[in-house]
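Please look at the sequence and the three-dimensional structure shown here before reading further. The paragraphs below lead through the structure step by step.

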Amino acid sequence: MKEDCIFCKIIKGQIPSAQIWEDEEFLAILDISPNTRGMTLVLAKSHHDSDVFGMPDDVYQKFWLAAKKVVKLLEKALAVQRVAAVMEGMGVNHAHI
């Protein structure tokens with residue numbers, strides 16, 4: 001894990017977060033500055049560059065499956081029909097959806 005990465009610090013519990021879902025490899029937290037109600041970040045627990053196309057295929061596939069689980073939770077909790085997923089990574093260089 002990259003020690004100076006804010007998301008790594010959140011994953012290690014050094015910075016508080018509102019966690020809504022977790023498994024062994026991924027963590028979902030509510031965004032601290034949401035632009036929409038329920039905005040959530042799905043983070044890879046191991047540090048991967050935000051250019052996820054360099055991520056190993058098996059991790060990449062699991063990442064999207066984790067995001068799918070979180071989307072289903074958000075759809076139910078927010079009573080919405082759709083949840084958008086964005087992967088851009090320009091603000092923090094740590095893989096997140």
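The account that follows begins with one helix, continues with aromatic pairs, and ends with pockets. The structure is a predicted model.

Helix H2 covers residues 57-78. Its length can be checked by simple arithmetic: with a rise of 1.5 Å a residue, the 22 residues of H2 should span 32 Å, and the C-alpha atoms at the two ends are 31 Å apart, which agrees. Directly after H2 comes Ala79, a residue whose phi is positive, near 55°.

Which residues of H2 are buried? They are Val59, Phe63, Ala66, Ala67, Val70, Val71, Leu74, Glu75 and Leu78. A general property of helices is helpful in reading this list. An α-helix has 3.6 residues a turn, so residues three or four places apart point the same way. The cover over the buried residues of H2 includes strand S1 (19-22), together with S2 and S3.

Lys68 also lies in helix H2. Is Lys68 buried or exposed? Its relative accessible area is 51%, and the cut-off for an exposed residue is over 50%, so Lys68 counts as exposed. Along the chain, Lys68 and Cys8 are 60 residues apart, and their C-alpha atoms are separated by 22 Å.

The next topic is the aromatic rings. There are two aromatic pairs in the model. In one of them, the ring centres of Phe26 and Phe63 are 5.3 Å apart and the ring planes stand at 10°; because planes under 30 degrees apart count as stacked, this pair is stacked. Phe26 belongs to strand S2 and Phe63 to helix H2, so the pair ties together parts that are 37 residues apart in sequence. Phe26 is buried, with a relative accessible area of 2%, and Phe63 is buried as well, at 0% relative accessibility.

Phe53 and Tyr60 form an aromatic pair that is tilted, with 6.2 Å from centre to centre and 40° between the planes. Phe53 is exposed, as its relative accessible area is 69%. Tyr60, with a relative accessible area of 25%, is partly exposed.

Attention now turns to the pockets. The largest pocket has a volume of about 540 Å³. It is lined by 27 residues, of which Met39, Thr40, Ala84, Ala85 and Val86 are the closest to its centre. Which elements give two or more residues to this lining? They are strand S3 (40-44) and helix H2 (57-78). H2 gives the most to the lining of the largest pocket, with five residues. By chemical character, the lining of the largest pocket divides into 17 nonpolar, six polar and four charged residues.

The second largest pocket has a volume of about 200 Å³. Of the 13 residues that line this second pocket, Ile6, Phe7, Ile10, Ile29 and Ile32 are the closest to its centre. Helix H1 (6-11) and strand S2 (26-30) are the elements that give two or more residues to the lining of the second largest pocket. Here H1 gives the most, with three residues. The lining of the second largest pocket consists of 11 nonpolar residues, one polar residue and one charged residue.

Helix H2 thus appears in several parts of this account: strands S1, S2 and S3 are included in what covers its buried residues, Phe63 in H2 pairs with Phe26 in S2, and H2 gives five residues to the lining of the largest pocket.

Key: Residues numbered from 1 in each chain as written. Predicted model: local features only at pLDDT ≥ 70, side-chain atom pairs only at ≥ 80, totals over all residues. Heavy atoms only, no water. 1 Å grid on protein atoms, 1.4 Å probe; cavity = no way out; pocket = protein on both sides within 12 Å on 5 of 7 lines; lining within 4 Å. Points joined across faces, edges and corners; volume = space filled by probe spheres on them. Helix = DSSP H or I, 4+ residues; strand = E, 2+ residues; numbered from the N terminus. Nonpolar A, V, L, I, M, F, W, Y, C, P; charged D, E, K, R; others polar. Expected span 1.5 Å × (residues − 1). Buried < 20%, exposed > 50% of the residue type's maximum accessible area, 1.4 Å probe, protein only. Contact = heavy atoms within 4.5 Å. Phe/Tyr/Trp six-rings, centres within 6.5 Å; stacked < 30°, edge-to-face > 60°.
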